[in-house]
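The exercises below are meant to be worked with the sequence and the model side by side. Try each task before reading the solution that follows it.

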Amino acid sequence: MGGFWDNFSTLLLITTTWQRIVPDELWDHINRFIQKLVNAINPYIEITFHELPSGSHMRSDAYAAIEVYLGANLSQQAERLNANTAGGGRSVALSIDDYEEITDIYNGVKVWWTRSKSFPRTNVISFYGRDEERRAYILKFSRRHRDIVVGSYLSHVLSEGKAIAKRNRRQRLYTNVSGDNGWGDDEKMMWRHVAFDHPATFDTLAMDPEKKKDIMDDLVAFTKGKEYYRQIGKAWKRGYLLYGPPGTGKSTMIAAMANFLHYDVYDLELTAVKDNTELRKLMIEISKRAIIVIEDIDCSLDITGKRRGKNTNENDDDVKDIKDVIANKATDDERGNNEESKITLSGLLNFIDGLWSASGGERIIVFTTNYVERLDPALIRRGRMDKHIEMSYCCFEAFKVLAKNYLKLESHDEFEIVKCLLKEIDISPADVAENLMPKSPEMSADECLGNLITALHQAKEEAVSRKAKKLHSETGHTGSEVEQKCGTASKEGVKTGFRKVMLRFLAEKYNCFR
Ligand SMILES: Nc1ncnc2c1ncn2[C@@H]1O[C@H](COP(=O)(O)OP(=O)(O)OP(=O)(O)O)[C@@H](O)[C@H]1O
Ligand SMILES: [Mg+2]
């Protein structure tokens with residue numbers, strides 16, 4: 001062993017001395033020649049995948065995918081491993097340690113992987129100590145197998161690594177916080193996140209199955225459309241407008257989309273954003289695979305670019321100011337909190353159309369509203385909001401999904417009654433769900449279904465009565481007119497049955513029943 005080190009030291013000494021006396025240019029030539037010689041003799045090829053590509057502070061995607069692939073498929077061969085938590089702490093991800101060598105066999109071809117570590121030659125003293133280490137995975141394979149390794153093995157490793165990482169990754173729900181939140185102007189503080197743990201899926205989402213399938217197909221096509229979007233010169237983004245009455249599942253649909261695609265959700269609260277500059281900063285920080293949500297867009301912004309705060313009524317503002325003065329507090333205006341926002345519709349449109357075009361990555365933007373007719377056409381035109389999805393009142397198909405979710409019922413004799421009643425009244429899936437939910441552990445599925453039917457009958461009565469009253473006041477029909485027209489001029493009709501007859505008459509006349 002001593003002999004080896006003696007020879008090695010002598011070689012090192014000769015090389016260093018040569019380096020000193022030989023001019024740089026000549027030294028380069030010698031180096032190149034030696035490299036050629038080694039290449040000619042060496043039967044192996046090596047490919048290095050650096051963790052931080054030169055000049056970048058971002059971890060290379062390829063390095064990350066290789067790490068996951070090796071950890072998931074080949075870590076049992078290694079004796080030294082690193083362990084990290086994955087999936088938000090739900091599982092442990094293993095990666096091979098520095099200088100461990102492991103082999104992989106792909107279509108009968110053997111390859112070797114090692115992880116190396118180096119320290120960049122720099123005179124700068126780092127405060128971060130070991131962070132300065134540079135790691136790389138080195139793939140070694142026989143020269144004979146170059147085509148298969150470069151041609152297909154590498155893409156197999158990268159795609160499988162990315163797929164595993166995607167499966168393991170815990171999604172996040174981000175919300176924006178105002179710049180004046182005590183965290184100063186630090187841009188990094190603008191988005192806060194928590195683990196995204198919403199149970200909604202497309203399976204549990206109650207809506208017309210054909211419509212649901214259409215949306216799912218659209219999402220799949222979008223995620224696979226990278227090349228297509230590149231070809232047509234469009235940013236890889238898709239806009240969805242979800243509109244419909246409260247409780248019809250707009251927010252639930254967003255959660256189902258996020259779970260389906262495994263994307264992070266960025267819940268953008270426009271009323272907390274100061275101006276277009278802040279909006280731009282927020283947008284730039286959004287990760288590549290994300291759903292950006294602006295809920296109740298009609299309440300967040302209006303076409304003149306003035307934000308609608310919670311207090312849109314001038315009198316309310318005045319009253320609040322007076323109360324503030326009496327309480328010896330600064331008014332909103334004095335604090336600079338007036339309701340005028342500098343976010344404009346054009347600022348919002350610019351970021352939707354422009355900013356992301358430059359920063360490849362798949363992004364979905366979803367607007368929700370209860371009042372689609374209030375939105376500016378510029379905001380929702382196709383190309384910006386590519387798909388308009390109406391979330392409507394509960395239909396029978398949607399009810400069946402809810403009955404399965406809540407009561408584990410796929411069929412029941414009473415389903416026909418529910419079907420008829422749902423045709424006659426507008427009720428949101430949220431209300432149907434509420435009625436189906438057992439109120440105590442002892443409550444049976446039959447009882448819950450009974451509850452729903454009672455509620456539906458009640459809702460029908462109320463709806464018809466509302467309409468009848470309205471029509472009665474509009475047309476001025478008297479009770480006897482109703483009786484005559486209905487041919488039921490009996491006492492009973494006039495007294496006890498009057499309301500019933502009246503309702504039927506008005507309902508038939510004005511087509512209340514659908
Ligand atoms: N289509 C649906 N499928 C399954 N559950 C639903 C559906 N719609 C509503 N729900 C249930 O009702 C609750 C409220 O629904 P959700 O918040 O999605 O309604 P929304 O349309 O976003 O209402 P809003 O317009 O008031 O924001 C949900 O938590 C869910 O349990
Ligand atoms: Mg909602």
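**Exercise 1: The chain as a whole**

Buried residues, meaning those with 20 or more other C-beta atoms within 10 Å of their own C-beta atom (exposed is 12 or fewer, partly exposed is in between, and C-beta atoms are placed from the backbone), make up 22% of the 514 residues in the chain. This is a predicted model, in which local features need pLDDT of at least 70 and side-chain atom pairs count only at pLDDT 80 or more, while totals for chains, interfaces and linings use all residues. Residues are numbered from 1 along each chain as its sequence is written, and chains are lettered from A and ligands numbered from 1 in the order in which they are written.

Task: state how many helices and strands there are in the chain.

Solution. Helices (H or I, at least four residues) and strands (E, at least two) are taken as DSSP runs and numbered from the N terminus; on that basis the chain has 20 helices and 13 strands.

**Exercise 2: The four-stranded sheet**

Task: work out in which order the four strands of the open sheet lie, and which are its edge strands.

Solution. Begin with the pairs, where two strands pair if DSSP finds at least two bridges between them. β1 and β6 run antiparallel and are joined by seven bridges, with Tyr137 in β6 as the bridge partner of Phe49. β5 and β6 are likewise antiparallel, over eight bridges, and here Ser118 stands opposite Arg134 in β6. Finally, six bridges join β4 to the antiparallel strand β5 (residues 109–118), and Glu101 has Thr114 in β5 as its bridge partner. Put together, the order is β1-β6-β5-β4, an open sheet with antiparallel pairing. The edge strands, each pairing on one side only, are β1 (44–50) and β4 (101–106).

Task: name the strands that helix α3 touches where it packs on this sheet.

Solution. Helix α3 (residues 61–73) touches β1, β4, β5 and β6 (134–142), and its direction makes about 110° with that of β1. For such angles, axes are lines fitted to C-alpha atoms, for helices over the stretch in contact, and the angles run from 0 to 180 degrees between N-to-C directions. Helix α4 (residues 146–168) also packs on the sheet, touching β1, β4, β5 and β6, with its direction at about 65° to that of β5.

**Exercise 3: Phe196**

Task: decide whether Phe196 is buried, exposed or partly exposed, and list its contacts beyond its neighbours in sequence.

Solution. First locate Phe196 in the loop between β8 (191–195) and α5 (209–223). Phe196 is partly exposed because 18 other C-beta atoms lie within 10 Å. Contact requires C-beta atoms, placed from the backbone, within 7 Å; leaving aside neighbours within four places in sequence, Phe196 is in contact with Gln171, Arg172, Leu173, Ala258, Asp264 and Val265.

**Exercise 4: The surroundings of ligand 1**

Task: describe which residues surround ligand 1 and where they come from.

Solution. Counting a residue as near when its C-beta atom, placed from the backbone, lies within 6 Å, 16 residues surround ligand 1, the closest being Pro246, Gly249, Ser251, Thr252 and Ala430. Next, sort the shell by character: nine residues are nonpolar, six polar and one charged, where Ala, Val, Leu, Ile, Met, Phe, Trp, Tyr, Cys and Pro count as nonpolar, Asp, Glu, Lys and Arg as charged, and the others, Gly among them, as polar. Lastly, trace the origin: α7 (250–261) and α16 (429–436) each supply at least two residues of the shell.

Note on methods. Contact = placed C-beta atoms within 7 Å.
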